[in-house]
Amino acid sequence: MAEMETVVLDGERMLNRRAAHDHLAEQLGLPDYYGRNLDGLYDLLTERDGPTRLVVRNRRTIESWLGAYGTALCQTLEDADRANPRLEVLFPED
């Protein structure tokens, strides 16, 4: 069985859409073709093969700075968690 990879996402580094997608791409090793949008992010997370734990810190910061888009981003991560049994998304401050 493959060892679980843990990836930490920090809301303090996602203060606007561009910064959020830069941080996501860097931390998750996303390919250039993902499109820097929530649909592309969802697709790549649900197709992820290896067991992965995403620890999302500072959810309130994401939702505060990005508003509705930040809420949708967090929802996308949660939806991908439900769709992919090899993915676990944690929001430790919740």
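# Close-up views of a predicted model

The structure holds seven salt bridges. Keep in mind that this is a predicted model. The views below start with the sheet, move on to the core, and finish with some of the charged pairs.

**View 1. Three strands make an open sheet.** The order across the sheet is S1-S2-S3, and the pairing is parallel. Strand S1 (5-10) and strand S3 (87-90) sit at the edges with a single partner strand each, so one side of each has no neighbour in the sheet. On average, neighbouring strands here are turned by 20° against each other, direction ignored. What holds strands together in general? Strands of a sheet pair through backbone hydrogen bonds, either parallel or antiparallel.

**View 2. Follow the bridges from strand to strand.** How many bridges does S1 share with strand S2 (residues 52-57)? There are six, and the two strands pair in the parallel sense. If you'd like one to look for, find Glu5, whose bridge partner in S2 is Thr52. On to the next pair: S2 and S3 also run parallel, joined by four bridges. Here you can pick out Arg53, which stands opposite Glu88 in S3.

**View 3. Helix H4 lies across the sheet.** Helix H4 (residues 68-83) lies across S1, S2 and S3. Compare its direction with that of S3, and you get an angle of about 145°. Now look at S3 itself, residue by residue. Which of its residues belong to the covered face, and which to the uncovered one? Leu87 and Val89 are on the covered face, while Glu88 and Leu90 are on the uncovered face.

**View 4. The largest nonpolar core draws on many parts of the chain.** This core has 25 residues, and the ones touching the most other members are Leu41, Leu54, Leu73 and Leu77. At least two core residues come from each of S1, H1, H2, S2, helix H3 (59-66), H4 and S3. Which element gives the largest share? That's H4, with five residues. Zoom in on Leu41 and, leaving aside neighbours within four places in sequence, you'll find contacts with Leu24, Leu28, Leu30, Tyr34, Leu73, Thr76 and Leu77.

**View 5. Leu24 is tucked into helix H1.** You'll find Leu24 in helix H1 (residues 17-28). Is Leu24 buried or exposed? Its relative accessibility is 0%, so Leu24 counts as buried. Not counting residues up to four places away in sequence, Leu24 touches Leu9, Gly29, Leu30, Tyr34, Leu41 and Leu73. For a sense of scale, try Arg82: Leu24 and Arg82 are 58 residues apart in sequence, and their C-alpha atoms are 19 Å apart in space.

**View 6. Glu5 and Arg48 meet in a salt bridge.** The N to O distance between these two side chains is 3.3 Å. Glu5 belongs to strand S1 and Arg48 to the loop between H2 and S2, so this pair ties together parts that are 43 residues apart in sequence. The helix before that loop, H2, covers residues 38-47. How open are the two partners? Glu5 has 38% relative accessibility and counts as partly exposed. Arg48, at 17%, counts as buried because the cut-off for buried is under 20%. Glu5 isn't on its own around Arg48: beyond neighbours within four places in sequence, the contacts of Arg48 also include Leu28, Asn84 and Arg86.

**View 7. Asp22 and Arg36 form another salt bridge.** Their closest N and O atoms are 2.6 Å apart. This pair links distant parts of the chain, with Asp22 in helix H1 and Arg36 in the loop between H1 and H2, 14 residues apart. Are these two buried or partly exposed? Asp22 is partly exposed, with a relative accessible area of 36%. Arg36 is partly exposed too, at 35%.

**View 8. A salt-bridge network includes two residues of helix H3.** The side chains of Glu63 and Arg59 meet in a salt bridge, 3.2 Å from N to O. Both residues lie in H3, four residues apart, which is about one turn of the helix. Glu63 counts as partly exposed at 25% relative accessibility, whereas Arg59 is buried, with a relative accessible area of 13%. The story doesn't stop with this pair. Salt bridges that share partners join Arg59, Glu63 and Glu78 into one network.

Key: Residues are numbered from 1 along each chain as its sequence is written. This is a predicted model: local features need pLDDT of at least 70, side-chain atom pairs count only at pLDDT 80 or more; totals for chains, interfaces and linings use all residues. Side-chain values use heavy atoms; hydrogens and water are left out. Two strands pair if DSSP finds at least two bridges between them. Axes are lines fitted to C-alpha atoms, for helices over the stretch in contact, and angles run from 0 to 180 degrees between N-to-C directions. Contact means heavy atoms within 4.5 Å. Buried means under 20% relative accessible area, exposed over 50%, partly exposed in between (1.4 Å probe, protein chains only). A nonpolar core is a set of buried Ala, Val, Leu, Ile, Met, Phe, Trp, Tyr and Cys residues joined through side-chain atoms within 4.5 Å. A salt bridge is a side-chain nitrogen of Lys or Arg within 4 Å of a carboxyl oxygen of Asp or Glu.
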